[in-house]
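Dear colleague,

Please find below the structure that I am handing over to you. My notes on its salt bridges and on one of its sheets follow after it.

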Amino acid sequence: MHTTQTQITLSAASLGDCAGSIETPQNCTDCPNIGAFLSCDPQTCDWLLLNGFWVGNVTEGGGPLVTGCPTEYCAFDEGDTVVRIPRSAIQSLSEFLCNGSHRMGTVCGQCQPGYAPAVNTDTNYCVPCNSQSSKVNWIYYLLAVYVPRLAVFLVIVVFNIRLSAGPLNSFILFAQIISTTVDIGEQGEAPLNILYGSGTSAFQKSFKIPYNLFNLNIFGNLLPPFCLHESLDTLGVIALHYVDALTPLIVILGMAVLLGCRKCLKMEAAVRTGCVFRKCRVSGSSLMQALAAFTVLSYNRLCETTTYLLITQPLYDSNLQSVGEVLFFQGTKSTSDPIYTLRYKIPAYLVMTALIVVSITLLHYPIKMVEWLISKVSCLRKLYPKAILAEFLDAFQGCFKDNRRWFAGLYFVLRLLLILAYIQPLLRQLLIQQILFVAFTFLFAIFKPYKDRRLNYLDIFMFANLALINILTWYTANGIVPDIPPIVACIIFESTLVYLPMLYFVAYLLWHSTRRCRESTKIKVMEWSHKVDERIQRPNHIQGEDPSSYVEIDNQILSGRFGNSLELNSRKGNTNARIV
């Protein structure tokens, strides 16, 4: 899709200024014809441009070229497969194609003067921006983006929370996929409008906002769009997601250095929440769990950012020949621009290499070839099979059977494949996704890799759920269901499937919190019971004092702490405590 036959050099000036310079044809025979992309209405001589595409002059004096365009940037007609360009709009073609999005240039890839891309949206929406508000916006950005993410990872480190395996593994994967690659209504909201009308946007936010939490997008969809600086372009905003995603890793590595350099370092926190009371200590094990949690939560975001920086689109001329390529999300920049290569292309390839290495590392067992390769590379041989790498692998693979530990790596391979499928045309994307979801459903049904069989059924449900949502999106987005009543039924069923995992997550949190609360209460009861036993068995108690009074006193103390739910009994010097 993105290969070209001929490479041409495009200057930033020519790419940005020539999009509206096409001359109006004198008659219908002068209309350009570029295959199925661009044609002419013989009745009115209007241009008919295929939905999701852009047309314009890229070089001065050249003919019109056609290329793909993000639906958030260019004119998009939900009611038809083509966008009608009236003859009166051809002189100001750029304004018409950019559809009031405050954009200009090739593929509408550049914001107009006085505007800049918003940093807290995934659509790169252009908002008013000036230098006076940039300092305030930076503070706003740090408080809204960095502080919540760092707080989340500090909680993970302190409480040693495990997100990389177990009951939350498949749910986190579902949440990340449903809010990015399988995005309901992204390729056109016309089917959703049939059921939800003006509430379509509210419906999408109702599941995107909670699910996006697992893409480390905590407050992004809740805040109004804002920019950071008028000089920050679309690629700069996309690349900024690298800093967002990698900041927790820097904090974790910094804590690991402190923990390693100062062995006497003790970081404890006492937390009391209702009936839960526990002391937490930052240790190497908790940092490893935090590193595993970072990998799970940031992997999808890093894949997405890397793809957005590298994705290109071919330029087609009137002979349907590819005469060059431009960046999909900022067509005003050339792919051969050395600044683009140094700032974005090289870092993107380095990040993609690291992501592939993580996937291979988790897949290595029991693949002997990878194990042999690790033994030949000196820097990797130092880690393998030492405890630090084993502990990292066990954070992902510990819940799987010994001969099925490589299933942990399949989750990350799936994330990579889905991001690569996301940049394909819609029908090809949906087909690839359907094949992957069905294949993973059968893989887990056949191999049952988890030690706990309930987790096998949970993952089968999640992948089957994704397959059903994907096929229903295919039906509604392409009009395979011709009548309105079946479409409404499909949308209702699809909406139900989208919310089912969320209900599971809420139920799991309630169950887990209740269990932890009960366990904590039992521990405290046992501790107080042990103290009462020690006081009763003391040989040097005050002469004439009844030892049972200690029980009565401690019973009052416990009742004050735990309400009326505890009862202490003393028989022959032994004290028993139970929860009533």
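**Salt bridges and a three-stranded sheet**

At 28% relative accessibility, Asp452 counts as partly exposed, a class that lies between buried (under 20% relative accessible area) and exposed (over 50%), computed with a 1.4 Å probe on protein chains only. The model is a predicted one, in which local features need pLDDT of at least 70 and side-chain atom pairs count only at pLDDT 80 or more, whereas totals for chains, interfaces and linings use all residues. Residues are numbered from 1 along each chain as its sequence is written, and side-chain values use heavy atoms, with hydrogens and water left out.

Asp452 forms a salt bridge (a side-chain nitrogen of Lys or Arg within 4 Å of a carboxyl oxygen of Asp or Glu) with Arg454, and their closest N and O atoms are 3.0 Å apart. Arg454 is exposed, at 61% relative accessibility. Asp41, Asp46 and Arg84 are joined into one network by salt bridges that share partners. By the rule above, the count comes to 6 salt bridges.

Within that network, the side chains of Asp46 and Arg84 meet at 3.3 Å, N to O. Asp46 lies in the loop between β1 (38-40) and β2 (47-50), and Arg84 in strand β5 (residues 82-85), so this salt bridge ties together parts that are 38 residues apart in sequence. Helices (H or I, at least four residues) and strands (E, at least two) are DSSP runs, numbered from the N terminus. Asp46 is buried at 12% relative accessibility, while Arg84 is partly exposed at 41%.

A further salt bridge links Asp244 and Arg149, at 3.9 Å from N to O. Because Asp244 belongs to helix α7 (residues 234-261) and Arg149 to helix α3 (residues 134-159), the pair ties together parts that are 95 residues apart in sequence. Asp244 is buried, with a relative accessible area of 4%, and Arg149 is buried with 6%.

The strands named above also form a sheet. It is open, has 3 strands in the order β1-β2-β5, and its pairing is antiparallel; two strands pair if DSSP finds at least two bridges between them. β1 and β5 stand at the edges with a single partner strand each, so one side of each is left without a neighbour in the sheet. Neighbouring strands of this sheet are turned by 25 degrees against each other on average, direction ignored, where axes are lines fitted to C-alpha atoms, for helices over the stretch in contact, and angles run from 0 to 180 degrees between N-to-C directions. β2 and β5 are joined by 4 bridges, and Leu49 has Val83 in β5 as its bridge partner.

With kind regards
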